[in-house]
Amino acid sequence: MDRSSGSPGRGMTGRPRTAEGMSMAVRLAALLPRAVIVAVIWVLATAAFTFAADSTIVGPSHSSKPSVAAKATQLVVPSVTGQAYVFAKGILEDSGFAWRVSGSVRGYSSNRVLTQSPAAGTRVIDTGAPTIVLRLVRGPYAQLGRADDASSYPGTPIRLANLAAATAPAAPVTKPAAKPSAKPTKPAVKPKRKPVTKPKHKPVTKPKHKPAAKHKPDVHNTRPPAFVVAGAPKEPLDEITLSARALSLEAWAAKQPKTGANVQHWLFQHSWIVTGAEFGWSHGAQALEILIRVDQHLQRRWGIGGKSEAVARAALARVRKHA
């Protein structure tokens with residue numbers, strides 16, 4: 001078998017290469033550098049795209065400045081010491097607090113608040129419904145009705161505002177960067193002062209005083225009591241009258257279903273009207289008559305109210321006797 005002679009014009013068999021073979025070899029030799037260049041360009045483009053994507057996704061690092069936490073809302077504990085329990089409950093509820101009774105004296109409407117904790121004026125953090133602890137003392141009237149030893153909604157723990165502020169972490173103090181020293185400036189030339197001419201004062205005419213209008217007493221803000229009870233608090237004039245409260249309760253009870261919150265609302269208003277009427281507040285007898293109608297209506301709709309009606313009737317008898 002013949003071996004290749006290795007000459008450029010011959011193939012493996014020693015015979016001369018054809019023109020077609022020579023042409024293909026030239027084409028491959030010409031395309032090889034272009035293929036290498038295209039591959040290098042593709043690799044560089046892929047690396048650049050990956051770097052750009054990494055820069056866009058990762059983004060700059062977060063600022064090292066600490067975020068300023070919003071200040072918590074604070075509440076001021078109102079004063080209910082010495083108040084009738086039925087009024088103390090309303091004051092605490094309007095101020096955003098819950099409450100519970102501690103001690104041997106139960107939460108009847110006619111009892112009075114002996115002590116409260118925390119004390120009045122204490123600033124606390126609004127945790128939802130901070131719970132005030134009350135200790136009661138027997139009032140001058142019989143303990144009638146149902147004892148209510150806690151608020152109808154759940155309370156939350158007490159957090160003192162001063163203690164919360166003391167335990168809060170202090171923000172790090174950053175020193176301001178030193179400013180470059182400014183170049184000495186030339187002293188400024190003071191402008192020449194012009195002579196000031198004093199304005200001529202015109203004579204001031206005093207206004208004539210009109211006679212003050214005589215104050216007329218507001219007869220609508222006076223509520224004469226039905227009778228006077230020694231030691232009883234006066235009727236608060238910023239509240240509606242007992243008869244208006246009873247009418248409002250009657251309209252409300254005609255539309256409301258029986259729920260736990262609605263029962264508590266009815267009992268609270270019931271205690272307010274009965275206690276105020278026994279204190280001798282105005283329109284007490286009229287309010288109790290309306291209240292008895294409400295109790296009878298709720299007995300038909302809710303299936304409760306018999307004991308409350310008996311309390312209202314007994315109070316009406318005492319009010320009529322005093323009046």
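In the predicted model, E309 is a buried residue, with a relative accessible area of 13%. Because the cut-off for burial is a relative accessible area under 20%, the value of 13% places E309 in that class. The side chain of E309 takes part in a salt bridge with R313, with a distance of 3.1 Å from N to O. Both residues belong to helix 7, which spans residues 306-322, and they are four residues apart, or about one turn of the helix. R313, in contrast to its buried partner, is partly exposed, at a relative accessible area of 44%.

Side chains of opposite charge can pair when their charged atoms come close. Across the whole structure, a search finds eight salt bridges. One of these salt bridges joins the side chains of R106 and D149, at 2.5 Å from N to O. This pair connects distant parts of the chain, since R106 is in the loop between strand 2 (98-101) and strand 3 (112-117), while D149 is in the loop between strand 5 and helix 3, 43 residues apart. R106 is partly exposed, with a relative accessible area of 40%, and D149 is likewise partly exposed, with a value of 23%. A further salt bridge is formed by E250 and R293, whose closest N and O atoms are 3.1 Å apart. E250 is located in helix 4 (residues 242-253) and R293 in helix 6 (residues 284-301); the pair therefore ties together parts that are 43 residues apart in sequence. Relative accessibility is 25% for E250, which counts as partly exposed, and 41% for R293, which also counts as partly exposed.

The overall architecture of the protein chain consists of seven helices and five strands. Read from the N terminus, these elements follow the order α-β-α-β-β-β-β-α-α-α-α-α. The protein chain has 323 residues, of which 28% count as buried. Among contacts between residues at least 6 apart in sequence, 74% join residues that are at least 24 apart. The accessible surface amounts to about 24,200 Å², and carbon and sulfur atoms account for 61% of this area.

Aromatic side chains also form pairs in the structure. A pair of aromatic rings is described by the distance of the centres and the angle of the planes. In total, the structure holds eight aromatic pairs. For W266 and W302, the ring centres are 6.4 Å apart and the planes stand at 90°, so the arrangement is edge-to-face. The two residues come from distant parts of the chain, W266 from helix 5 and W302 from the loop between helix 6 and helix 7, 36 residues apart. Both partners are buried: the relative accessible area is 3% for W266 and 7% for W302. F279 and W281 form a tilted aromatic pair, with 6.0 Å from centre to centre and 55° between the planes. F279 counts as buried at 5% relative accessibility, and W281 counts as buried at 4%. These two residues also belong to a cluster in which ring pairs link F87, F268, W272, F279 and W281. W272, one of the cluster members, has the charged end of R245 over its ring, 4.3 Å from the ring centre.

Two features of the backbone were examined next. Most residues other than glycine have a negative phi, and most peptide bonds are trans. The peptide bond from S117 to P118, however, is cis, with omega near 0°. P118 is situated in the loop between strand 3 and strand 4 (123-125). H283 has a positive phi, near 60°, although the residue is not glycine. H283 is placed in the loop between helix 5 (260-278) and helix 6, and at 42% relative accessibility this residue counts as partly exposed.

Nonpolar residues at the surface complete the description. I158, L160 and L163 make a nonpolar surface patch of about 250 Å². Within this patch, L160 is partly exposed, with a relative accessible area of 39%, and lies in the loop between strand 5 (131-137) and helix 3 (161-167). Another nonpolar residue, I91, is found in helix 2 (residues 85-94) and counts as partly exposed, at 29% relative accessibility. When residues up to four places away in sequence are set aside, I91 touches P78, V80 and Q83. The C-alpha atom of I91 is separated by 8.6 Å from that of S79, a residue 12 places away along the chain.

Technical notes: Residues are numbered from 1 along each chain as its sequence is written. This is a predicted model: local features need pLDDT of at least 70, side-chain atom pairs count only at pLDDT 80 or more; totals for chains, interfaces and linings use all residues. Side-chain values use heavy atoms; hydrogens and water are left out. Buried means under 20% relative accessible area, exposed over 50%, partly exposed in between (1.4 Å probe, protein chains only). Contact means heavy atoms within 4.5 Å. Accessible areas come from the Shrake-Rupley method with a 1.4 Å probe; for residues, only the protein chains shown count as cover. Patches are made of residues with over 30% relative accessible area and no salt bridge: like charges are joined within 9 Å, nonpolar side chains (Val, Leu, Ile, Met, Phe, Trp, Tyr) within 5 Å. A salt bridge is a side-chain nitrogen of Lys or Arg within 4 Å of a carboxyl oxygen of Asp or Glu. Rings of Phe, Tyr and Trp (its six-membered ring) pair if their centres lie within 6.5 Å; planes under 30 degrees apart count as stacked, over 60 as edge-to-face and the rest as tilted. A charge sits over a ring if NZ of Lys or CZ of Arg is within 6 Å of the ring centre and within 35 degrees of the ring normal.
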